[in-house]
Amino acid sequence: MKIPDTILEMIGINKKFNGNPVLKNANFSLYSGEVHAIFGENGSGKTTLMNILAGTLAMDGGEIRLHGKPVQIKNAKHAQELGIGVIFQDTNLFYDMNIAENIFINQEPIYKFGLFKFINWKKINSSTKEILEYLNINVDFETPVKALGYGKQKLIEVARTIVNKSQIIIMDEITVDLTENEIEFLHNVIRNLKSKGVSIIYISHRLDELQQIADRITVIRDGTTVATVDKEKFDSGKLVNMMVGDKIKDRYPKLDVKIGKDVLIVKNVSTDSLLRNISFSLRKGEILGIFGLKGSGKSALAKVLFGIENMKSGNIYLNGRKIKIKSTVDAVRNGISYMPLNRLDVGQISDASIADNIVITKLDDIIRTVFLSNNLKRSKAERYIKMLGIRPSNIYELIKNLSGGNQKKVILAKWLFRKSKILILNEPTSSIDVVSKVDIYNILNELVMSGVSIILISSEIPELIGICDRILVMHKGSLVKEFNRGEATQELILHYASVGS
Ligand SMILES: Nc1ncnc2c1ncn2[C@@H]1O[C@H](COP(=O)(O)OP(=O)(O)OP(=O)(O)O)[C@@H](O)[C@H]1O
Ligand SMILES: [Mg+2]
């Protein structure tokens with residue numbers, strides 16, 4: 001067997017934040033042309049380790065070797081020059097600039113004319129065309145990046161690392177908000193890059209994804225790398241075990257909760273854009289799942305129920321009484337809460353009016369004061385932090401200092417705080433590690449036991465099957481199928497979601 005060529009070694013890496021050790025002698029090595037995954041709980045130090053490699057954080061101790069030679073990575077630009085490209089979950093693009101400008105920023109080809117230097121726009125434009133073709137993105141290269149969907153934006157970031165001729169590309173949870181098709185496409189791009197000798201560091205909480213794409217997985221626990229496992233030896237039970245040191249017993253702890261009568265009835269709801277004659281009901285104490293592929297309208301439906309998008313026709317009844325939801329104010333007044341898809345959308349719902357945003361901010365203020373002043377409420381905040389296993393558990397820690405998954409848990413806690421009667425959750429467990437997911441399901445259980453009704457929008461079919469009382473499937477703006485608990489399988493759900501009948 002050919003001995004693989006090691007291009008990167010990170011040896012004994014240490015990093016403290018405010019005196020707290022976050023990385024403790026972490027080791028990581030990378031072969032050329034491999035996809036090497038890092039797997040670990042929320043807050044275990046994955047992103048910190050990558051920030052050190054990408055030159056955005058300085059380490060306190062340890063050594064980094066590239067091609068066997070020690071290097072001091074001074075800053076992000078230096079990392080880029082060393083051939084290290086990085087893509088994080090939160091998109092790092094200039095939204096008002098076009099695709100070509102975004103791809104070539106800081107790496108513009110230059111030509112000289114006598115003493116003058118010019119940016120070679122002709123070259124930029126032709127190369128952008130080429131790379132868009134390679135990535136199968138059929139849009140004009142002068143399109144502003146903000147006009148692209150999230151999936152395409154991620155590919156533009158990949159394009160940037162390719163143009164930069166990165167030998168190492170870090171992908172830190174970049175598939176969280178991608179559809180299955182987009183993930184598959186990205187995986188093909190990765191295979192192609194691999195065949196050209198590029199190495200990928202791939203971070204994801206989804207074991208199914210890692211099993212598909214990774215050649216090796218390094219498990220990290222509390223800032224220490226505990227093992228590196230080869231593809232042939234992947235075993236999800238063992239990996240989870242290594243990650244938490246203790247086996248999780250039940251991934252979907254579903255409780256038998258008594259389900260009451262209909263609280264919300266949606267009748268023939270249509271919108272100008274996508275939704276067609278949507279009718280369904282939600283019962284007291286029920287967890288109602290909604291599945292649909294991209295463009296099926298599942299988020300649009302949530303937005304209608306929360307007053308972010310207006311309906312054209314149809315009716316909504318709450319406890320038998322017809323209600324009008326024309327704004328988020330109406331929704332909140334009727335006891336409806338919505339946790340949107342993207343963690344960055346949470347502070348501000350860009351599609352809603354200023355007034356609506358103020359209500360939300362007001363609620364945030366109440367919550368903030370609750371967090372800071374009122375002792376009784378403070379102990380509640382502490383309880384949520386404990387229940388959700390938020391780390392660090394200090395209620396005064398700034399959100400921006402938390403790991404991605406822990407930020408998401410805080411946001412969830414915030415919505416749980418609202419004591420709403422109907423809770424609409426859009427992908428509440430994306431970017432949450434497999435163990436913490438169980439904490440979240442337990443909270444959903446607790447909520448439905450107290451009489452709350454939950455609409456759970458998710459693209460993780462096992463989660464829907466495991467935790468929901470009923471599952472609705474959407475296809476091209478219509479509801480096409482309803483499953484009672486025990487009736488649905490992965491295949492059936494996918495069938496109705498893609499074919500519609
Ligand atoms: N700038 C910072 N200041 C203080 N603490 C920080 C800072 N950045 C990260 N931390 C802490 O370091 C720890 C590791 O965070 P990191 O983001 O590396 O975790 P992660 O493994 O990427 O988690 P996730 O799966 O949730 O993304 C966390 O406890 C986090 O709160
Ligand atoms: Mg992270």
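Which residues of α9 are buried? In this predicted model, the buried residues of helix α9 are K298, S299, A300, L301, A302, K303, V304 and L305. With 8 of its 8 residues buried, α9 is largely enclosed by the rest of the structure. Just after this helix, G307 takes a positive phi of about 75 degrees. The helix serves here as a point of departure for a wider view of the chain.

The protein chain has 16 helices and 22 strands. Of its 501 residues, 39% count as buried. When contacts between residues at least 6 apart in sequence are considered, 69% of them join residues at least 24 apart.

The interior may be described next. In soluble globular proteins, nonpolar side chains tend to be buried together. In this model the largest nonpolar core has 59 residues, and those with the most contacts inside it are L305, I424, I454 and I471. Helix α9 (residues 298-305) gives the most to this core, contributing 5 residues. A second, separate core of 57 residues includes L49, I73, I168 and A214. The surroundings of I424 show how one residue of the largest core meets parts of the chain that are remote in sequence. Apart from its neighbours within four places in sequence, I424 is in contact with A302, L305, F306, I336, S337, Y338 and I455. Of these contacts, A302 and L305 are buried residues of α9.

The sheets come next. Strands of a sheet pair through backbone hydrogen bonds, either parallel or antiparallel. One open sheet consists of 6 strands in the order β18-β19-β20-β15-β21-β22, and its pairing is mixed. Because β18 (336-339) and β22 (478-484) stand at the edges, each with a single partner strand, one side of each is left without a neighbour in the sheet. Neighbouring strands of this sheet are turned by 20 degrees against each other on average, direction ignored. Strand β21 (residues 470-475) and β22 run antiparallel and are joined by 6 bridges; V473 stands opposite K481 in β22.

Two helices accompany this sheet. Helix α14 (residues 434-449) packs on the sheet and touches β15 (287-292), β19 (422-426) and β20 (453-457), its direction making about 145 degrees with that of β20. Helix α16 (residues 490-499) lies across β15, β21 and β22, and runs at about 30 degrees to β21.

A further open sheet has 4 strands in the order β14-β13-β16-β17, with antiparallel pairing. Here β14 and β17 (321-323) occupy the edges, each with a single partner strand, so one side of each is left without a neighbour in the sheet. The twist averages 20 degrees from one strand to the next. Between β13 and strand β16 (residues 313-318), the antiparallel pairing extends over 5 bridges, and L264 stands opposite L318 in β16.

The loop between β13 (262-270) and β14 (278-283) holds L275. Is this loop residue buried or exposed? L275 is buried, because 25 other C-beta atoms lie within 10 Å, where 20 or more are required. Leaving aside its neighbours within four places in sequence, L275 is in contact with V269, S270, G297, A300, L301, V304 and G477. Among these, A300, L301 and V304 are buried residues of α9, and the helix thus appears again in this description. The C-alpha atoms of L275 and V304 are separated by 9.5 Å, although the two residues are 29 residues apart along the chain.

A hairpin elsewhere in the chain is formed by β7 and β8, with 2 residues between the strands; in this hairpin G114 takes a positive phi near 60 degrees. Strand β7 (residues 110-113) and strand β8 (residues 116-119) run antiparallel and are joined by 4 bridges. Within the pair, K112 stands opposite K117 in β8.

The final topic is ligand 1. Of the 20 residues around it, N42, T47, T48, S403 and G405 come nearest. The shell divides into 4 nonpolar, 13 polar and 3 charged residues. Helices α1 (46-53) and α13 (404-416) each supply at least two residues of this shell. Helix α1 is largely enclosed by the rest of the structure, because 7 of its 8 residues are buried. Those buried residues are K46, T47, T48, L49, M50, I52 and L53. Just after α1, G55 takes a positive phi of about 80 degrees.

Key:
Residues numbered from 1 in each chain as written. Chains lettered and ligands numbered in written order. Predicted model: local features only at pLDDT ≥ 70, side-chain atom pairs only at ≥ 80, totals over all residues. Near = placed C-beta within 6 Å. Nonpolar A, V, L, I, M, F, W, Y, C, P; charged D, E, K, R; others polar. Core = buried A, V, L, I, M, F, W, Y, C linked by C-beta atoms within 7 Å. Buried ≥ 20, exposed ≤ 12 C-beta atoms within 10 Å, placed from the backbone. Contact = placed C-beta atoms within 7 Å. Pairing = 2+ DSSP bridges. Axes fitted to C-alpha atoms, helices over the stretch in contact; angles between N-to-C directions.
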